[in-house]
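Student: Could you walk me through reading pockets and helix packing in a model like this one?
Tutor: Gladly; let us take the pockets and then the helices.

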Amino acid sequence: MSAFDAIAVGRRVLSVESDALKTLSQSLDEAFVQAVETLFNARGRIVCTGIGKSGHVARKIAATLASTGAQAMFVHPAEASHGDLGMIGPDDVILALSKSGEARELSDVIAYAKRFSIPLIAMTAFEDSQLGRGGDIVLRLPDAPEATAEVNAPTTSTTLQIALGDAIAVALLERRGFTASDFRVFHPGGKLGAMLRTVADLMHGEAELPLIGVDAPMPDALLVMSEKRFGAVGVIDAEGRLAGLITDGDLRRHMDGLLQHTAGEVMTRAPLVIAPGALAAEALKLMNDRRITVLFVVEAERPVGVLHVHDLLRAGVI
């Protein structure tokens, strides 16, 4: 197959799936609202289930829900018929996926939900299917053509399931007021975890702070600057508040007669600072925007730490 043909096929597939996604977006109705509210009010877990490709998607949806603060898990419907139904409790909500709605492996799950009055949310293209009839809420997928044409392998349908699962997860996230700080708890590893760490997690504490009094002579300020090796020194007033900052740039601007000045005469007043509870990603943005390498961490106007760009680099934020 030539490169031109491959691109044409790729574009055709993406066009088919894009059209289906637009149709799905336009078709969202009160059933989606009911599904989100049912999941939000669940006292137990969200149990995602499906067979085949729908099962893979259900597993992904469960993982997405769990990573955004919901108690969610995947139960394989075939395993459920051989004992795993006991994992599903009366306070749970079941989210079952099947394009046709006729997957026989889901029969026992549907019957179990009815027997114990467990809410069942059905994600299917056919309301008049076994799953559609068994669902308390039906999230109807557009009966859009698969991108594989004559082969009819699951492509468009699984894309729709994934997208609708994402829509549910994000709606739940916003319904709960889930924040980046909450998200950090579930993502401690990798670059994402690093970005979601707080400044307090990465900063150097008070024992390492390069500080000098506002009336201190510049030779003393240079000594502290050299000893602490942050390339900057914070200047504090008599009450211990951060009054200013001296960097290499300030030294160059006051080169003539530098050693005859006090720290207060050389410093840059009202320097850019950050709070200890801010995210590492926010600190990185400030440093990039202002082209600086050091941020003093301030609480109640007093310096409690210092953060260098190298700290972000070592943590994997950059």
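What follows is a short conversation about pockets and helix pairs.

Tutor: Keep in mind that this is a predicted model.

Student: How does one find empty space in a protein, and what is the volume of the largest pocket here?

Tutor: The general idea is that rolling a probe the size of a water molecule over the atoms shows where empty space is left. In this model, the largest pocket comes out at about 310 Å³.

Student: Which residues lie nearest the centre of the largest pocket?

Tutor: Look for Leu245, Thr247, Ile292, Thr293 and Val294, which are nearest the centre among the 15 residues of the lining. Two elements, strand E8 (242-247) and helix H12 (248-253), each give two or more residues to this lining. Sorted by class, the lining of the largest pocket holds seven nonpolar, four polar and four charged residues.

Student: And what lines the second largest pocket?

Tutor: That pocket has a volume of about 240 Å³. Its lining counts 14 residues, and Ser54, Ser98, Lys99, Ser100 and Pro154 are the closest to the centre. Here the classes are three nonpolar, eight polar and three charged.

Student: Which helices supply at least two residues of that second lining?

Tutor: They are helix H3 (53-67) and helix H7 (156-176). H7 gives the most, with three residues.

Student: How do H3 and H7 pack against each other?

Tutor: For a pair of helices, read the angle and the distance between axes, then the handedness, then the contact residues. The axes of H3 and H7 are 10 Å apart, and the packing angle is about 20°. Angles under 35 degrees count as roughly parallel, so H3 is roughly parallel to H7. The crossing of H3 over H7 is right-handed. On the H3 side, the contact is made by Lys53, Ser54, Val57, Lys60, Ile61, Thr64 and Leu65. H7 brings Thr158, Gln161, Ile162, Gly165, Asp166, Ala169 and Leu172. By class, this contact has six nonpolar, five polar and three charged residues.

Student: Ser54 turned up before, didn't you mention it with the second largest pocket?

Tutor: Well spotted: Ser54 is one of the residues closest to the centre of that pocket, and Ser54 of H3 also takes part in the contact with H7.

Student: At what angle do H2 and H7 cross?

Tutor: Helix H2 (residues 30-40) and H7 cross at roughly 55°, with axes that come within 10 Å. The two are therefore oblique to each other, and their crossing is right-handed. H2 contributes Phe32, Val36, Glu37, Leu39 and Phe40, while the H7 residues include Leu164, Ala167, Ile168 and Leu172. The contact of H2 with H7 has nine nonpolar, no polar and three charged residues.

Terms used. Residues numbered from 1 in each chain as written. Predicted model: local features only at pLDDT ≥ 70, side-chain atom pairs only at ≥ 80, totals over all residues. Heavy atoms only, no water. 1 Å grid on protein atoms, 1.4 Å probe; cavity = no way out; pocket = protein on both sides within 12 Å on 5 of 7 lines; lining within 4 Å. Points joined across faces, edges and corners; volume = space filled by probe spheres on them. Helix = DSSP H or I, 4+ residues; strand = E, 2+ residues; numbered from the N terminus. Nonpolar A, V, L, I, M, F, W, Y, C, P; charged D, E, K, R; others polar. Axes fitted to C-alpha atoms, helices over the stretch in contact; angles between N-to-C directions. Parallel < 35°, antiparallel > 145°, perpendicular 65-115°, else oblique. Left-handed = near helix turned anticlockwise from the far one by under 90°. Contact = heavy atoms within 4.5 Å.
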